[in-house]
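Reader: I would like a close look at one part of this model, the place where the ligand is held. Which residues are around the ligand, and what lines the pocket there?

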Amino acid sequence: MTRPLRVAALASGRGSNLAALIAARDAGRLPIEFTLVGSDKKQAGALAIAAAAGIPTVSMNPKDYATRAEFDAALFGRVADSGAELLVLAGYMRIVDAAVVAHWEGRAINVHPSLLPKYRGLHTHRRCLEAGDTEHGASVHFVTAELDGGPVVAQARIPVHPGDSEDDLATRLLVEEHKLLPAVVGAIAMGRLGWQDGPVFDGTALRQPLDLADFL
Ligand code: GRF
């Protein structure tokens with residue numbers, strides 16, 4: 001087998017998507033090694049999860065930097081120094097400087113709790129309910145300068161049931177995110193999914209998002 005893909009992750013919160021990646025790796029289902037987990041929040045659960053798994057961590061406070069560009073240069077500089085080949089934004093809740101994003105084009109992915117292009121940004125579960133959608137979902141996309149706007153590579157869908165609350169949707173969707181993100185990272189690690197002026201899957205330009213079954 002080829003060597004594991006070197007992966008770094010950035011997360012601002014709880015870190016359950018990071019935990020799903022670690023679990024998949026530990027189960028031998030994901031040929032990756034983590035070089036670094038970073039956060040803009042010292043208290044992020046993701047940092048504790050990473051540390052418990054023996055992964056190097058870094059946290060930086062945006063308030064310690066005069067500008068977004070300086071903060072991002074520092075944090076993403078650490079990511080680059082770690083030797084990461086792929087950067088996973090797993091609940092990283094900051095807009096990223098355009099120059100930094102450009103540097104990672106085709107090498108950074110984000111998991112977002114909506115069926116993009118619907119509901120970029122925050123409060124996706126609420127907006128789905130308010131719109132009366134009968135279906136909700138999560139997307140993994142390559143990161144571009146546009147917030148939650150890069151090419152979507154894979155989506156998972158859940159039905160919206162009558163009476164569902166935001167929490168109901170969030171809870172049920174998270175289960176799907178925890179399958180979707182490892183599937184996408186695994187496809188990248190195994191060379192099935194990549195970037196050549198846009199997403200490429202099994203040697204062909206990707207025209208529509210994959211679903212979980214496509215990774216089997
Ligand atoms: C997930 O819903 C993810 O899609 C969104 O933020 C949440 C992060 O959850 N971007 P966790 O920190 O991975 O538990």
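Author: What follows goes from the ligand outward to the pocket. The model is a predicted one, and in it the ligand sits in the largest pocket, which holds about 950 Å³ of space. Of the 39 residues lining this pocket, Gly 91, Met 93, Val 111, His 112 and Pro 113 are the closest to its centre. Two or more lining residues come from each of α1, β5, α5 (124–130) and α6 (166–189), and α6 contributes the most, with six residues. By character, the lining divides into 16 nonpolar, 15 polar and eight charged residues.

Around the ligand itself stand Arg 14, Gly 15, Ser 16, Asn 17, Gly 91, Val 111, His 112, Pro 113 and Glu 177, a shell of two nonpolar, five polar and two charged residues. Three polar approaches can be described in detail. An oxygen atom of the ligand lies 2.5 Å from a side-chain N or O atom of Ser 16, while a backbone N or O atom of Gly 15 is 2.8 Å from an oxygen atom of the ligand. A nitrogen atom of the ligand, in turn, is 3.1 Å from a polar backbone atom of Val 111. Taken alone, the ligand would expose 360 Å², of which the protein buries 87%. The elements that supply two or more residues to this shell are α1 (16–26) and β5 (108–112), and both of them also appear among the elements that give two or more residues to the pocket lining.

Terms used: Residues numbered from 1 in each chain as written. Predicted model: local features only at pLDDT ≥ 70, side-chain atom pairs only at ≥ 80, totals over all residues. Heavy atoms only, no water. Near = heavy atom within 4 Å. Polar contact = N/O pair within 3.5 Å; in protein donor to acceptor, adjacent residues only side chain to side chain. Areas by Shrake-Rupley, 256 points an atom, 1.4 Å probe, with all protein chains shown as cover. 1 Å grid on protein atoms, 1.4 Å probe; cavity = no way out; pocket = protein on both sides within 12 Å on 5 of 7 lines; lining within 4 Å. Sits in = over half its atoms within 2 Å of the grid points. Helix = DSSP H or I, 4+ residues; strand = E, 2+ residues; numbered from the N terminus. Nonpolar A, V, L, I, M, F, W, Y, C, P; charged D, E, K, R; others polar. Points joined across faces, edges and corners; volume = space filled by probe spheres on them.
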